[in-house]
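Here are a few exercises to work through with the structure open beside you. Try each task on your own before reading its solution.

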Amino acid sequence: MEHRTLGQRYELVEQLGQGGMGTVYRAVDHRLRRTVAVKTLSAELALQQQFLARFQREAHAAAALNHPGVATVYDVGEDVVDGCAVPYLVMEYVEGRTLAQALGDGTLSAEQAVDAAGQVLEALRHSHGHGIVHRDIKPANVMLTRAGTAKVLDFGIAKALSELATRLTGTGVAVGTPAYLAPEQIEGRDTDHRTDLYAVGCLLYELLTDRPPYTGESPFSVMHQHLVREPVPPSRLRPGLPPGVDAVVLRALRKRREDRFADAAEMKAELDRAARMSTAPTMPAPAAAAPRAQADRPEPAETPRHDRAVTGSDRIRSLGRVVFRPTPEGMVALLGSALAVVVSRSEMIDTEHFPLAALLGGLAGCVLLLWSARLACAVAWAPVAEAVAVWSGFSRAELGWETRYVVIALLLGLVAGLCLTAGYQDGRSGGFALVAFWFTGLTSVWYFLDDLHKIGVFYVLLLGVCLALGTQTLKTRLADSRGPAVPAPDPAAR
Ligand SMILES: Nc1ncnc2c1ncn2[C@@H]1O[C@H](COP(=O)(O)OP(=O)(O)OP(=O)(O)O)[C@@H](O)[C@H]1O
Ligand SMILES: [Mg+2]
């Protein structure tokens, strides 16, 4: 490469890489006689006058950052090369490799991944304290030196870019890597320091599992998943991961900013705690390349006593935690409880036990609502659905067995099976599917059986569904309680 000199000062020696905005070079600063990294902007961006002003302002703000975890911005300038303006940014030269390269090599241990994420959080704590949100935390923007120190690159640049996009498109179009975009960035809403915490959650997820939390065939599909899907817990992809680390990642990835960590310091403290509580076999031993990770990890014997005690008592507390929130599912459960009480007082099913079972269902629905809206839906709506099915039965008795009714019954049975599966699997809003299960399932049973058998099958189903869902809820609660300081994902929905 022919050596160019920018601003009569920075001699570009070697190209280090190329990104979306321009090219990065290793360069020599002839005035201060040191090696620096120079990022030149692509011609396309350089033509945008407003972007340049914004870019310079953000670069000046980023230059105020002084932290070992931040690649320091030294200078920003503009030169003319072949008659074209070339804006450039001069920053600290970092010798090492980016986390994207480390991911490509597949050489990071879980411990090194947690250590790197912790260092990124330290750097963010500093920048957020200066009112600077990064907005484009991703593996390509974090470098790892030979000594294991992480340095965050490109502070201030994503902000300038996103404001350019807003100006060009009239909307807060997301700028960044789809795999790491927070829901608020995708929706063009306000971003703040918690947007960076979401990206750190994505970063740690990928460092631990070798894939970002959401993957898809198109950027659109990935962005859609960021908005609506719950991530698969990293421990499912990397068995043996400490549950606390799992919980930290999942909390950072919450859709609502308020549900994430309050700030980088809190997330870092939680991550440190999770790493401390892990035992040797669950976290692979750090490679010799990361002495920092080793130095930072206290021996298991140093684990604070109260940390170990917390696990047991928190589990019990978590099981009894009241989580009622006015969600649509909760309202449906409440309605079901009210109807169950009405059914118990009416004479729709004239058997000895049913009115009492319906009354208990209604009352139990109200009580369970405090604990699990989904379980409350399942219990409260069961007698209501049974009453509806039996009441419909009177009209069928007059019509007799006709092929079309048998077909309808089979279809209803099939739909009921699908609803039950959906309700069982969907921890968020499975209550609706369970209500649908009761109606379709019991109506199907009504088509095939006489009154006496119907009520028997109903009791068996009620017991089976309650047992299955209750066990599942208990299991989820126990799993969540292993990360005591981290709330369970959307507990009201459970
Ligand atoms: N300060 C630096 N010191 C050493 N190498 C650097 C420095 N900054 C960037 N690099 C190298 O240059 C490469 C390109 O960086 P660049 O920021 O242009 O691309 P990117 O991060 O992949 O994309 P984006 O434009 O979205 O930030 C990096 O992957 C890294 O290898
Ligand atoms: Mg970059």
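The exercises below concern a predicted model, and each solution goes step by step.

**Exercise 1. The chain as a whole**

Task: Work out how many helices and strands the chain has, and what percentage of its residues is buried.

Solution:
- Start with secondary structure: the chain has 19 helices and nine strands.
- Next, turn to burial: of the 494 residues in the chain, 44% are buried.
- Finally, look at contacts between residues at least 6 apart in sequence: 67% of them link residues at least 24 apart.

**Exercise 2. Lys-39**

Task: Find the strand that holds Lys-39, decide whether Lys-39 is buried or exposed, and list the residues that Lys-39 touches.

Solution:
- Begin with the record: the unreviewed UniProt entry lists Lys-39 under "binding site".
- Locate the residue: Lys-39 sits in strand β4, which covers residues 34-41.
- Count neighbours: Lys-39 has 24 C-beta neighbours inside 10 Å. The cut-off for a buried residue is 20 or more, so Lys-39 counts as buried.
- List the contacts: leaving out residues up to four places away in sequence, Lys-39 touches Gly-22, Val-24, Tyr-88, Leu-89 and Met-91.

**Exercise 3. The shell around ligand 1**

Task: Describe the shell around ligand 1 by its closest residues, its strands, its residue classes and its domains.

Solution:
- Take the residues: ligand 1 is surrounded by 19 residues, and the closest are Gly-17, Gly-19, Val-24, Ala-37 and Ala-140.
- Assign strands: β2 (10-18), β4 and β6 (84-92) each provide at least two residues of this shell. With three residues, β2 gives the most.
- Sort by class: the shell around ligand 1 holds 10 nonpolar, six polar and three charged residues.
- Check the domains: domain 1 (4-92) and domain 2 (96-287) each contribute at least three residues to the shell.

**Exercise 4. Two helices, α9 and α11**

Task: Place Ser-235 in its helix and its surroundings, then compare the length of α11 with the expected span.

Solution:
- Locate Ser-235: the residue lies in helix α9, residues 234-237.
- Test burial: Ser-235 is buried because 20 other C-beta atoms lie within 10 Å.
- Look along the chain: Val-245 is 10 residues from Ser-235 in sequence, and their C-alpha atoms are 8.7 Å apart.
- Add contacts: not counting residues up to four places away in sequence, Ser-235 touches Leu-241, Pro-243 and Asp-246.
- Move to α11: this helix has 14 residues (264-277) and reaches 20 Å from first to last C-alpha, close to the 20 Å expected at 1.5 Å a residue.
- Note its buried residues, among them Met-267, Lys-268, Glu-270 and Arg-273.

**Exercise 5. Annotated transmembrane regions**

Task: Compare the end-to-end C-alpha distances of residues 356-384 and residues 455-474, then describe the setting of Leu-434.

Solution:
- Read the record: the unreviewed UniProt entry gives "transmembrane region" for residues 323-344, 356-384, 404-424, 431-449 and 455-474.
- For residues 356-384, the span is 90% helix and 0% strand, with its end C-alpha atoms 13 Å apart.
- For residues 455-474, the chain is 100% helix and 0% strand, and the end C-alpha atoms are 28 Å apart.
- Place Leu-434: it is in helix α18, residues 430-448, and is buried because 31 other C-beta atoms lie within 10 Å.
- Finish with its partners: beyond four places in sequence, Leu-434 contacts Arg-374, Cys-377, Ala-378 and Gly-423. Ala-382 is 52 residues from Leu-434 in sequence and 9.1 Å from it in space, C-alpha to C-alpha.

Terms used
Residues numbered from 1 in each chain as written. Chains lettered and ligands numbered in written order. Predicted model: local features only at pLDDT ≥ 70, side-chain atom pairs only at ≥ 80, totals over all residues. UniProt positions renumbered as here; feature names shortened; annotations may be inferred. Helix = DSSP H or I, 4+ residues; strand = E, 2+ residues; numbered from the N terminus. Buried ≥ 20, exposed ≤ 12 C-beta atoms within 10 Å, placed from the backbone. Contact = placed C-beta atoms within 7 Å. Expected span 1.5 Å × (residues − 1). Near = placed C-beta within 6 Å. Nonpolar A, V, L, I, M, F, W, Y, C, P; charged D, E, K, R; others polar. Domains from an automatic or database assignment.
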